[in-house]
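Trainee: I would like to go through this model with you and ask, for each term, how the label is earned.
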Amino acid sequence: MKILGLAIFPFLSILALSVSRQPESSERTFAGCLLRRSDPSYPISSAIYFPSNSSYSSVLQSYIRNLRFNESNTPKPQLILTALHESHIQSAIICAKYHGLQMRIRSGGHDFEGSSYVSDVPFFILDMFNLRSINVSIEDETAWVEVGATVGEVYYKIAEKSNIHGFPTGTCPTVGVGGHFSGGGLSLFSERKETSHHN
Ligand SMILES: *[C@@H]1O[C@H](CO)[C@@H](O)[C@H](O)[C@H]1NC(C)=O
Ligand SMILES: *[C@@H]1O[C@H](CO)[C@@H](O)[C@H](O)[C@H]1NC(C)=O
Ligand SMILES: *[C@@H]1O[C@H](CO)[C@@H](O)[C@H](O)[C@H]1NC(C)=O
(Lines give C-alpha, C1' and ligand atoms only; values in the text may rest on other atoms or scores of the structure.)
(Ligands and ions follow the chains in the order given, each with its own letter.)
Protein backbone atom coordinates (compact mmCIF):
# COMPACT_ATOMS: atom_id res chain seq x y z
CA MET A 1 0.00 0.00 0.00
CA LYS A 2 1.34 3.43 -0.88
CA ILE A 3 0.97 6.09 1.76
CA LEU A 4 -0.62 9.25 0.57
CA GLY A 5 0.88 12.53 1.75
CA LEU A 6 -1.87 14.40 3.50
CA ALA A 7 -2.08 18.03 4.39
CA ILE A 8 -4.53 19.35 6.88
CA PHE A 9 -6.48 22.43 6.01
CA PRO A 10 -4.65 25.40 7.55
CA PHE A 11 -7.14 26.23 10.25
CA LEU A 12 -6.48 22.93 11.98
CA SER A 13 -3.82 24.83 13.90
CA ILE A 14 -6.71 26.61 15.59
CA LEU A 15 -7.42 23.41 17.48
CA ALA A 16 -4.50 24.08 19.78
CA LEU A 17 -5.91 27.42 20.91
CA SER A 18 -7.44 27.61 24.30
CA VAL A 19 -9.22 30.69 25.48
CA SER A 20 -9.40 31.82 29.07
CA ARG A 21 -12.70 32.85 30.58
CA GLN A 22 -14.13 35.69 32.56
CA PRO A 23 -17.33 34.86 34.39
CA GLU A 24 -19.23 38.00 33.35
CA SER A 25 -19.56 36.84 29.74
CA SER A 26 -23.12 36.79 28.49
CA GLU A 27 -24.32 34.66 25.64
CA ARG A 28 -26.22 37.54 24.08
CA THR A 29 -23.15 39.76 24.06
CA PHE A 30 -21.03 36.95 22.75
CA ALA A 31 -23.56 36.16 20.03
CA GLY A 32 -23.82 39.86 19.23
CA CYS A 33 -20.07 39.88 18.76
CA LEU A 34 -20.31 36.91 16.39
CA LEU A 35 -22.91 38.75 14.33
CA ARG A 36 -20.92 42.00 14.29
CA ARG A 37 -17.58 40.36 13.58
CA SER A 38 -18.67 38.08 10.76
CA ASP A 39 -18.56 38.61 7.05
CA PRO A 40 -22.13 39.37 5.82
CA SER A 41 -21.50 37.34 2.66
CA TYR A 42 -21.48 34.25 4.90
CA PRO A 43 -24.38 34.82 7.32
CA ILE A 44 -23.38 33.42 10.69
CA SER A 45 -26.86 33.49 12.27
CA SER A 46 -27.85 30.27 10.51
CA ALA A 47 -24.89 28.58 12.25
CA ILE A 48 -25.75 29.64 15.81
CA TYR A 49 -27.81 27.35 18.04
CA PHE A 50 -28.96 28.66 21.42
CA PRO A 51 -30.60 26.33 23.96
CA SER A 52 -33.87 27.97 22.88
CA ASN A 53 -33.47 26.83 19.25
CA SER A 54 -35.45 23.67 18.62
CA SER A 55 -32.50 21.81 17.06
CA TYR A 56 -30.04 22.68 19.84
CA SER A 57 -30.33 19.28 21.55
CA SER A 58 -30.12 17.22 18.41
CA VAL A 59 -27.09 19.18 17.19
CA LEU A 60 -25.45 18.82 20.59
CA GLN A 61 -26.22 15.09 20.84
CA SER A 62 -25.29 14.11 17.31
CA TYR A 63 -21.54 14.03 18.05
CA ILE A 64 -21.65 12.93 21.70
CA ARG A 65 -19.84 9.60 21.39
CA ASN A 66 -19.42 8.90 25.09
CA LEU A 67 -22.97 8.44 26.33
CA ARG A 68 -21.91 9.15 29.92
CA PHE A 69 -22.02 12.78 28.78
CA ASN A 70 -25.45 12.53 27.17
CA GLU A 71 -27.22 13.25 30.45
CA SER A 72 -29.40 16.09 31.64
CA ASN A 73 -26.84 16.99 34.32
CA THR A 74 -23.94 17.20 31.83
CA PRO A 75 -22.82 20.87 31.55
CA LYS A 76 -24.23 22.37 28.35
CA PRO A 77 -22.73 24.96 26.01
CA GLN A 78 -24.17 28.48 26.00
CA LEU A 79 -24.37 28.11 22.26
CA ILE A 80 -23.17 25.87 19.47
CA LEU A 81 -21.58 27.44 16.44
CA THR A 82 -21.72 25.04 13.50
CA ALA A 83 -19.23 26.92 11.34
CA LEU A 84 -20.21 27.05 7.69
CA HIS A 85 -17.19 29.00 6.51
CA GLU A 86 -13.64 29.70 7.68
CA SER A 87 -14.63 33.25 8.57
CA HIS A 88 -16.98 31.85 11.24
CA ILE A 89 -14.00 30.22 12.94
CA GLN A 90 -12.13 33.50 12.90
CA SER A 91 -15.14 35.27 14.43
CA ALA A 92 -15.45 32.57 17.10
CA ILE A 93 -11.83 32.98 18.17
CA ILE A 94 -11.96 36.76 18.24
CA CYS A 95 -15.24 36.87 20.19
CA ALA A 96 -14.29 34.06 22.59
CA LYS A 97 -11.14 35.90 23.47
CA TYR A 98 -12.91 39.25 23.76
CA HIS A 99 -15.70 37.92 25.96
CA GLY A 100 -13.61 35.41 27.88
CA LEU A 101 -15.89 32.53 26.97
CA GLN A 102 -14.22 29.14 26.76
CA MET A 103 -14.25 27.55 23.32
CA ARG A 104 -14.51 23.77 22.93
CA ILE A 105 -13.81 22.53 19.43
CA ARG A 106 -15.51 19.38 18.20
CA SER A 107 -14.70 17.34 15.14
CA GLY A 108 -15.84 13.70 15.44
CA GLY A 109 -16.56 13.89 19.19
CA HIS A 110 -14.62 10.72 19.95
CA ASP A 111 -12.63 12.05 22.89
CA PHE A 112 -13.39 9.76 25.84
CA GLU A 113 -13.51 12.58 28.36
CA GLY A 114 -16.02 14.64 26.39
CA SER A 115 -13.54 17.51 26.32
CA SER A 116 -14.71 18.64 22.88
CA TYR A 117 -18.24 19.29 24.19
CA VAL A 118 -18.17 19.44 28.02
CA SER A 119 -16.54 21.91 30.37
CA ASP A 120 -16.84 22.89 34.00
CA VAL A 121 -16.67 26.60 33.17
CA PRO A 122 -19.07 28.55 30.89
CA PHE A 123 -18.33 27.57 27.31
CA PHE A 124 -19.55 27.25 23.75
CA ILE A 125 -18.89 24.59 21.12
CA LEU A 126 -17.28 25.37 17.82
CA ASP A 127 -18.66 22.42 15.89
CA MET A 128 -16.82 21.48 12.69
CA PHE A 129 -19.13 18.93 11.09
CA ASN A 130 -20.17 21.21 8.24
CA LEU A 131 -16.55 21.65 7.18
CA ARG A 132 -15.78 18.21 5.83
CA SER A 133 -14.68 18.52 2.22
CA ILE A 134 -11.95 16.18 1.01
CA ASN A 135 -9.97 16.66 -2.19
CA VAL A 136 -7.68 13.84 -3.23
CA SER A 137 -5.06 14.27 -5.92
CA ILE A 138 -3.59 10.99 -7.05
CA GLU A 139 -1.20 12.82 -9.42
CA ASP A 140 0.39 14.68 -6.47
CA GLU A 141 -0.32 11.89 -3.97
CA THR A 142 -1.78 14.47 -1.62
CA ALA A 143 -5.14 15.13 -0.10
CA TRP A 144 -6.61 18.29 1.40
CA VAL A 145 -9.06 17.52 4.15
CA GLU A 146 -11.20 19.79 6.27
CA VAL A 147 -11.24 19.17 10.02
CA GLY A 148 -14.88 18.08 10.24
CA ALA A 149 -14.44 15.06 7.95
CA THR A 150 -14.25 11.61 9.48
CA VAL A 151 -11.35 9.26 8.82
CA GLY A 152 -13.82 6.86 7.17
CA GLU A 153 -14.72 9.57 4.67
CA VAL A 154 -11.03 10.09 3.96
CA TYR A 155 -10.58 6.35 3.27
CA TYR A 156 -13.64 6.38 1.05
CA LYS A 157 -12.53 9.37 -1.03
CA ILE A 158 -9.07 7.90 -1.51
CA ALA A 159 -10.54 4.52 -2.48
CA GLU A 160 -12.79 6.20 -5.03
CA LYS A 161 -9.67 7.36 -6.85
CA SER A 162 -7.22 4.52 -6.32
CA ASN A 163 -7.09 0.96 -5.11
CA ILE A 164 -3.41 1.10 -4.18
CA HIS A 165 -3.30 4.30 -2.13
CA GLY A 166 -4.29 4.71 1.49
CA PHE A 167 -3.69 6.79 4.56
CA PRO A 168 -2.93 5.44 8.03
CA THR A 169 -5.50 6.75 10.46
CA GLY A 170 -7.55 4.72 12.91
CA THR A 171 -9.69 1.62 12.64
CA CYS A 172 -12.89 3.40 13.71
CA PRO A 173 -14.41 5.18 10.70
CA THR A 174 -16.40 7.82 12.61
CA VAL A 175 -13.36 9.34 14.34
CA GLY A 176 -12.95 12.96 13.23
CA VAL A 177 -9.94 14.09 11.28
CA GLY A 178 -9.49 17.15 13.52
CA GLY A 179 -8.95 15.18 16.71
CA HIS A 180 -7.06 12.34 15.11
CA PHE A 181 -4.52 14.42 13.22
CA SER A 182 -3.87 16.73 16.14
CA GLY A 183 -2.60 13.77 18.11
CA GLY A 184 -5.67 12.11 19.53
CA GLY A 185 -5.55 8.69 17.97
CA LEU A 186 -3.66 5.55 17.19
CA SER A 187 -3.27 4.60 13.58
CA LEU A 188 -3.19 1.30 11.76
CA PHE A 189 0.57 1.66 11.52
CA SER A 190 1.18 2.84 15.08
CA GLU A 191 -0.56 -0.09 16.70
CA ARG A 192 2.35 -2.41 16.07
CA LYS A 193 4.66 0.08 17.74
CA GLU A 194 2.28 0.44 20.68
CA THR A 195 2.22 -3.33 21.12
CA SER A 196 5.99 -3.55 21.24
CA HIS A 197 6.03 -0.83 23.92
CA HIS A 198 3.93 -3.06 26.11
CA ASN A 199 6.13 -6.11 25.56
C1 LIG B 1 -31.72 30.19 16.55
O2 LIG B 1 -32.62 31.19 16.95
C3 LIG B 1 -32.22 32.52 16.63
C4 LIG B 1 -33.30 33.46 17.12
O5 LIG B 1 -33.59 33.19 18.44
C6 LIG B 1 -32.04 32.68 15.15
O7 LIG B 1 -31.52 33.96 14.85
C8 LIG B 1 -31.08 31.65 14.63
O9 LIG B 1 -30.97 31.72 13.22
C10 LIG B 1 -31.54 30.23 15.05
N11 LIG B 1 -30.54 29.29 14.63
C12 LIG B 1 -30.74 28.44 13.63
C13 LIG B 1 -29.59 27.57 13.29
O14 LIG B 1 -31.79 28.35 13.02
C1 LIG C 1 -29.01 11.06 24.18
O2 LIG C 1 -30.06 11.47 25.02
C3 LIG C 1 -31.25 11.83 24.35
C4 LIG C 1 -32.22 12.40 25.36
O5 LIG C 1 -32.32 11.58 26.47
C6 LIG C 1 -31.81 10.63 23.59
O7 LIG C 1 -32.97 11.00 22.88
C8 LIG C 1 -30.74 10.15 22.62
O9 LIG C 1 -31.18 8.99 21.97
C10 LIG C 1 -29.44 9.85 23.37
N11 LIG C 1 -28.41 9.53 22.39
C12 LIG C 1 -27.95 8.29 22.22
C13 LIG C 1 -26.96 8.08 21.14
O14 LIG C 1 -28.32 7.35 22.93
C1 LIG D 1 -11.96 21.08 -2.43
O2 LIG D 1 -12.25 21.65 -3.69
C3 LIG D 1 -13.41 22.46 -3.69
C4 LIG D 1 -13.67 22.87 -5.13
O5 LIG D 1 -12.53 23.42 -5.68
C6 LIG D 1 -13.20 23.65 -2.75
O7 LIG D 1 -14.37 24.42 -2.69
C8 LIG D 1 -12.89 23.12 -1.36
O9 LIG D 1 -12.59 24.20 -0.50
C10 LIG D 1 -11.70 22.18 -1.41
N11 LIG D 1 -11.49 21.62 -0.08
C12 LIG D 1 -10.30 21.51 0.48
C13 LIG D 1 -10.25 20.92 1.85
O14 LIG D 1 -9.27 21.86 -0.06
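Mentor: Let us begin where helix α3 ends, and please keep in mind that this is a predicted model. The residue that follows α3 is G100, and its phi is positive, near 65°.

Trainee: How do you know that the span of α3 is close to the expected one?

Mentor: Helix α3 covers residues 86-99, which makes 14 residues, and the distance from its first C-alpha to its last is 20 Å. The expected span is 1.5 Å times one less than the number of residues, and for α3 this expectation is 20 Å, so the two values are close.

Trainee: Which residues of α3 are called buried?

Mentor: The buried ones are S87, H88, I89, S91, A92, I93, C95, A96 and H99. The label requires a relative accessible area under 20%. In the protein chain, which has 199 residues, 47% count as buried.

Trainee: Why is Y42 called partly exposed?

Mentor: The relative accessible area of Y42 is 36%, and because partly exposed covers what is neither under 20% nor over 50%, Y42 receives that label. You will find Y42 in the loop between α1 (27-37) and β3 (48-49).

Trainee: What makes Y42 a contact of residues such as S87?

Mentor: A contact needs heavy atoms within 4.5 Å, and Y42 touches H85, S87 and H88, with residues up to four places away in sequence left out of the count. Y42 and S87 are 45 residues apart in sequence, while their C-alpha atoms are 7.8 Å apart in space.

Trainee: Why is strand β5 described as largely enclosed by the rest of the structure?

Mentor: Strand β5 consists of residues 102-106, and 5 of the 5 are buried, so the description follows. Q102, R104 and R106 point one way from β5, whereas M103 and I105 point the other way, and all are buried.

Trainee: How do you know that β5 and β6 pair?

Mentor: Pairing requires at least two bridges, and β5 has 5 bridges with strand β6 (residues 123-127), so the two strands pair, and they do so in the parallel sense. Within β6, F123 is the bridge partner of Q102.

Trainee: What makes N70 a polar contact of ligand 2?

Mentor: A polar side-chain atom of N70 lies 2.4 Å from an oxygen atom of ligand 2, and because the limit is 3.5 Å, the pair qualifies. The residues around ligand 2 are Q61, L67 and N70, and the protein covers 34% of the 360 Å² of accessible area that ligand 2 has on its own.

How values were computed:
Residues numbered from 1 in each chain as written. Chains lettered and ligands numbered in written order. Predicted model: local features only at pLDDT ≥ 70, side-chain atom pairs only at ≥ 80, totals over all residues. Heavy atoms only, no water. Buried < 20%, exposed > 50% of the residue type's maximum accessible area, 1.4 Å probe, protein only. Near = heavy atom within 4 Å. Polar contact = N/O pair within 3.5 Å; in protein donor to acceptor, adjacent residues only side chain to side chain. Areas by Shrake-Rupley, 256 points an atom, 1.4 Å probe, with all protein chains shown as cover. Helix = DSSP H or I, 4+ residues; strand = E, 2+ residues; numbered from the N terminus.
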